[in-house]
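Thanks for coming. I will take a few minutes to walk through one protein chain, and you can follow along on the screen.

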Amino acid sequence: MLDFGSLDESTQFLDQQEENTGPVTIINTFVAPEGKEDEVLAAWTDDAAYMKKAGGLLSAQLYRGIGGSRLFTNVAVWQSTEHLRAAFRTPEFATHLEHYPAGTVAFPHLYQKFAVEGVCEGEQ
């Protein structure tokens with residue numbers, strides 16, 4: 001079963017989903033239990049297939065830590081928080097969370113592109 005952690009205690013992932021905006025990017029880092037990296041990868045692959053069918057997912061990319069790291073980071077762009085909420089709050093998706101090996105911890109957070117003049121473009 002997947003456990004959820006928070007990188008920013010002042011802004012919880014579930015609360016972020018309540019803001020109606022878009023597009024949004026979810027950056028979710030998973031910590032796999034030692035020796036269970038393949039099981040985490042299989043569970044994430046199943047999740048990603050479900051999310052692609054749910055509607056509103058614009059892109060997804062998985063990153064894997066190097067040098068023996070047990071970290072995976074998913075970067076997925078959604079059309080809106082409404083689309084993300086709809087996909088996350090189904091009973092079907094809840095069953096997907098049970099496929100992660102015990103001890104797996106995920107740290108999801110929502111972001112929007114942020115403009116920094118002369119460096120990068122953003123949504124605002």
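Before the charges, a word on counting: Lys and Arg are taken as positive, Asp and Glu as negative, while His and the chain ends are left out. On that basis the protein chain carries 8 positive and 18 negative charges, and the mean positions of the two sets lie 6 Å apart. Please keep in mind that this is a predicted model.

Now the overall build. There are 4 helices and 5 strands in the protein chain. Reading from the N terminus, the order is β-α-β-α-β-β-α-α-β.

Next, the dimensions. The C-alpha atoms fit a box of roughly 45 × 35 × 25 Å along the principal axes. Does the radius of gyration agree or disagree with that of a compact globule? For 124 residues, such a globule would come out near 14 Å, and the protein chain has 15 Å, so the two agree.

On to contacts and surface. Take the contacts between residues at least 6 apart in sequence: 75% of them join residues at least 24 apart. Of the 124 residues, 33% count as buried, meaning under 20% relative accessible area. The exposed area of the protein chain is about 7400 Å², with 54% supplied by carbon and sulfur atoms.

One local detail to finish. Which form does the peptide bond from Gly-22 to Pro-23 take, cis or trans? That bond is cis, and its omega is near -5°. To find Pro-23 on the screen, look in the loop between α1, residues 13-16, and β2, residues 24-31.

Key: Residues are numbered from 1 along each chain as its sequence is written. This is a predicted model: local features need pLDDT of at least 70, side-chain atom pairs count only at pLDDT 80 or more; totals for chains, interfaces and linings use all residues. Side-chain values use heavy atoms; hydrogens and water are left out. Helices (H or I, at least four residues) and strands (E, at least two) are DSSP runs, numbered from the N terminus. The radius of gyration is taken over C-alpha atoms; the globule rule is 2.2 Å times the number of residues to the power 0.38. Buried means under 20% relative accessible area, exposed over 50%, partly exposed in between (1.4 Å probe, protein chains only). Contact means heavy atoms within 4.5 Å. Accessible areas come from the Shrake-Rupley method with a 1.4 Å probe; for residues, only the protein chains shown count as cover. The place of a charge is taken as NZ of Lys, CZ of Arg, CG of Asp or CD of Glu.
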